[in-house]
Amino acid sequence: MSATVSFKVPTPHGPKDVTVSYARVGHGEPLVLLHGIGHHRQAWDPVVDILATERDVIALDLPGFGASPALPNGLSYDLPTTDSVLGALFEALDLDRPHIAGNSLGGLLALELGREKLVRSVTALSPAGFWTQAERRYAFAVLLAMRGIAQRLPLPLVERLSRTAAGRTALTSTIYGRPTRRAPKAVVAETLALAGATGFDATLRAGTTVQFTDDLPGLPVTVAWGTRDRLLVRRQGIRAKRIIPQARLVQLPGCGHCPMNDDPALVARVILDCSR
């Protein structure tokens, strides 16, 4: 069920109100799901029902993405601020160290929350932050191109493209290994989400100096990478394993950068195994 929650986050100029849209379903230990830049919580729809059989699943729209409003003036989109925002959100939802799974930007945020001891397990699917500068520049250039296309395409054309396999491939093959499996309505919705994401530019700017360099001792961590990831190439997973030696590194055959739709059963199993 979709809902919103508002809470206060401290800033140098006093506390500010932040509102986050989320959907919550299922029962069991809490599991928070974080999407990537320009995406929205519906990216997780293919796996939510599977996860909800064993977990209390909370899928978020990060501030400035999906249905969540932008952060108020005085709050930036850098990692320390986002850590603070998500920590305050956990308190508002009465979540005591939930399990967490994230994709891309969401994977990096999940690892950051693990570093801050705010979660009890981390599953990171193609997380950002393990790139070389050349790989980061490439990924950012692709993301900016995708956003530019999403903003320029008229909605009737997006709807028409989404109704054919070739059209869905043209719109989404950068992030999906099996783009024809994505439902037409989902393709339209995520194209609109990318075009309208108010936090996109500021998040991208904040990411230019980001590098994840910390081990997470004593915390269950899984890093999973799709073999068809065209945005963050899978050798970055090897770097993640070197930085977090005890992490389980999992290959997702045939999956792209956002693997949840490419192989929902496999992705759900990877998340549940890490959060046991």
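Across residues 31-269 of this predicted model, helix accounts for 43% of the chain and strand for 13%, and the C-alpha atoms at the two ends lie 13 Å apart. This stretch is where UniProt, in an unreviewed entry, places the feature "domain: AB hydrolase-1". For the protein as a whole, the secondary structure amounts to ten helices and eight strands.

The overall dimensions come next. A compact globule of 276 residues would have a radius of gyration near 19 Å, and the 17 Å found for the protein agrees with that. Along the principal axes, the C-alpha atoms fill a box of roughly 45 × 40 × 40 Å. Of the 276 residues, 55% count as buried. Taking contacts between residues at least 6 apart in sequence, 72% join residues at least 24 apart.

Turning to the surface, the accessible area of the protein is about 11,500 Å², with carbon and sulfur atoms contributing 56% of that figure. The protein carries 31 positive and 24 negative charges, and the mean positions of these two sets are separated by 8 Å.

At the level of single residues, Pro-10 makes a handy example. Pro-10 sits in the loop that runs between β1 (2-9) and β2 (16-26). With a relative accessible area of 61%, Pro-10 counts as exposed because this value is over the 50% cut-off. Beyond its neighbours within four places in sequence, Pro-10 is in contact with Pro-15, Leu-75 and Ser-84. Leu-86 is 76 residues away from Pro-10 along the chain, and the C-alpha atoms of the pair are 12 Å apart.

Notes. Residues are numbered from 1 along each chain as its sequence is written. This is a predicted model: local features need pLDDT of at least 70, side-chain atom pairs count only at pLDDT 80 or more; totals for chains, interfaces and linings use all residues. Side-chain values use heavy atoms; hydrogens and water are left out. UniProt positions are given in the numbering used here, feature names are shortened, and annotations may be inferred rather than shown by experiment. Helices (H or I, at least four residues) and strands (E, at least two) are DSSP runs, numbered from the N terminus. The radius of gyration is taken over C-alpha atoms; the globule rule is 2.2 Å times the number of residues to the power 0.38. Buried means under 20% relative accessible area, exposed over 50%, partly exposed in between (1.4 Å probe, protein chains only). Contact means heavy atoms within 4.5 Å. Accessible areas come from the Shrake-Rupley method with a 1.4 Å probe; for residues, only the protein chains shown count as cover. Lys and Arg count as positive and Asp and Glu as negative; His and the chain ends are not counted. The place of a charge is taken as NZ of Lys, CZ of Arg, CG of Asp or CD of Glu.
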